[in-house]
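Trainee: Could you walk me through this one? I'd like to know what stands behind the labels people put on it.

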Amino acid sequence: MRLSVLSTKGGVGKSTIALLLSKYFSLNGVKTLLIDRDPLGWVSNLAKIKGKGLLASIADKEEDKQAYFKEVKTKDGGDFYILKLYGDGARFYVDLDIIRRDEKLYKKIKEKYQEIVRNGFQAFIVDNPSMVQWNDDEVQCELRIFRETFPDEKIFRLYISDSSEISIESTLKYIKEIEQTPHKIGQYLGIVINLVPPFPEDLDKAMRLASKFEGIKVVIPFIESLFILNDINVEIPEQVKYLGKEILKLNNKV
Ligand SMILES: Nc1ncnc2c1ncn2[C@@H]1O[C@H](COP(=O)(O)OP(=O)(O)OP(=O)(O)O)[C@@H](O)[C@H]1O
Ligand SMILES: [Mg+2]
């Protein structure tokens with residue numbers, strides 16, 4: 001199974017939820033690779049991958065695997081793996097240009113990517129920058145190789161929003177755009193409304209807003225321990241455990 005985490009707005013918790021789900025899956029015996037597809041490399045940074053990421057390493061003709069791959073050991077045993085794809089912000093576009101002009105470099109990336117993803121993983125969780133579209137380089141560059149490697153892997157998309165009405169509306173619109181593209185692959189999975197003020201009336205309102213969406217719906221309040229997250233060992237909130245359980249249930253059925 002492959003699960004892509006998406007949102008329209010920045011800072012709504014994509015990376016946090018991608019990370020917590022990776023931990024949850026791993027704790028439940030599902031070998032998980034978190035693919036960091038954000039050129040800012042936030043989760044990779046949290047996992048203390050200090051290197052430049054796969055694309056930049058190959059563009060610089062370096063082959064140090066530690067620059068883009070790591071097994072993350074957590075205190076509770078929810079050990080998972082991270083692949084940092086791009087990293088280092090703006091140089092992604094420069095690297096992409098270099099690689100596009102050199103077939104050998106592209107082949108090398110594919111080879112190194114496959115070396116990592118072909119390790120018996122049962123789940124791939126993909127963290128994205130905000131507002132990605134099908135044709136974005138960040139998406140196509142990786143998705144193409146993934147599909148070539150695993151043509152039959154089930155693909156799901158999970159959307160994250162905060163509870164402001166403007167975000168909810170833009171997320172509904174975004175879901176429509178992404179899910180109604182004729183050449184889309186994979187399927188819609190559900191919505192997380194995150195960072196809801198932790199008061200009964202706000203949580204109720206968020207639940208009502210969630211009912212505008214299809215599929216799995218989860219409301220996550222603002223949780224102190226997740227704020228300014230800087231420790232991979234943070235406890236998994238109940239709501240994320242519920243989300244993880246629902247995803248695993250669904251995955252067993254399909
Ligand atoms: N439920 C929550 N309660 C409190 N803080 C949270 C919660 N979810 C996420 N955060 C915090 O909110 C901030 C933004 O989260 P995160 O970086 O995961 O968002 P993002 O959607 O990945 O952002 P970007 O678009 O910049 O990649 C982080 O500091 C994170 O620790
Ligand atoms: Mg992020």
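Mentor: Sure. Keep in mind that this is a predicted model. The largest pocket has a volume of about 440 Å³. Closest to its centre, out of 23 lining residues, are Gly11, Val12, Gly13, Lys14 and Thr16.

Trainee: What makes a residue such as Gly11 part of the lining of that pocket?

Mentor: A lining residue has an atom within 4 Å of a pocket point, so Gly11, listed in the lining, meets that cut-off.

Trainee: Which elements supply at least two residues each to this lining?

Mentor: Helix H1 (14-27), strand E7 (187-196) and strand E8 (216-221) do. H1 gives the most, with 3 residues. By class, the lining has 13 nonpolar, 8 polar and 2 charged residues.

Trainee: And the second largest pocket: how many of its lining residues are charged?

Mentor: 5 are charged, 4 are nonpolar and none is polar. Lys173, Lys176, Glu179, Lys212 and Glu214 are among the lining residues, and they count as charged because Lys and Glu belong to that class. This pocket holds about 200 Å³ of space, and helix H7 (residues 165-179) provides the largest share of its lining, 5 residues.

Trainee: Now H4. Why is Phe92 called buried?

Mentor: Buried means under 20% relative accessible area, so Phe92 falls below that cut-off, as do Asp95, Leu96 and Ile99 in helix H4 (residues 91-100).

Trainee: How do you know that these four are on the same side of H4?

Mentor: They cover an arc of only 100 degrees around the axis, which puts them on the same side. The buried residues of H4 pack against helix H3 (54-59), helix H5 (103-117) and helix H6 (137-149).

Conventions: Residues numbered from 1 in each chain as written. Chains lettered and ligands numbered in written order. Predicted model: local features only at pLDDT ≥ 70, side-chain atom pairs only at ≥ 80, totals over all residues. Heavy atoms only, no water. Buried < 20%, exposed > 50% of the residue type's maximum accessible area, 1.4 Å probe, protein only. Arc of directions from axis to C-beta. Contact = heavy atoms within 4.5 Å. 1 Å grid on protein atoms, 1.4 Å probe; cavity = no way out; pocket = protein on both sides within 12 Å on 5 of 7 lines; lining within 4 Å. Points joined across faces, edges and corners; volume = space filled by probe spheres on them.
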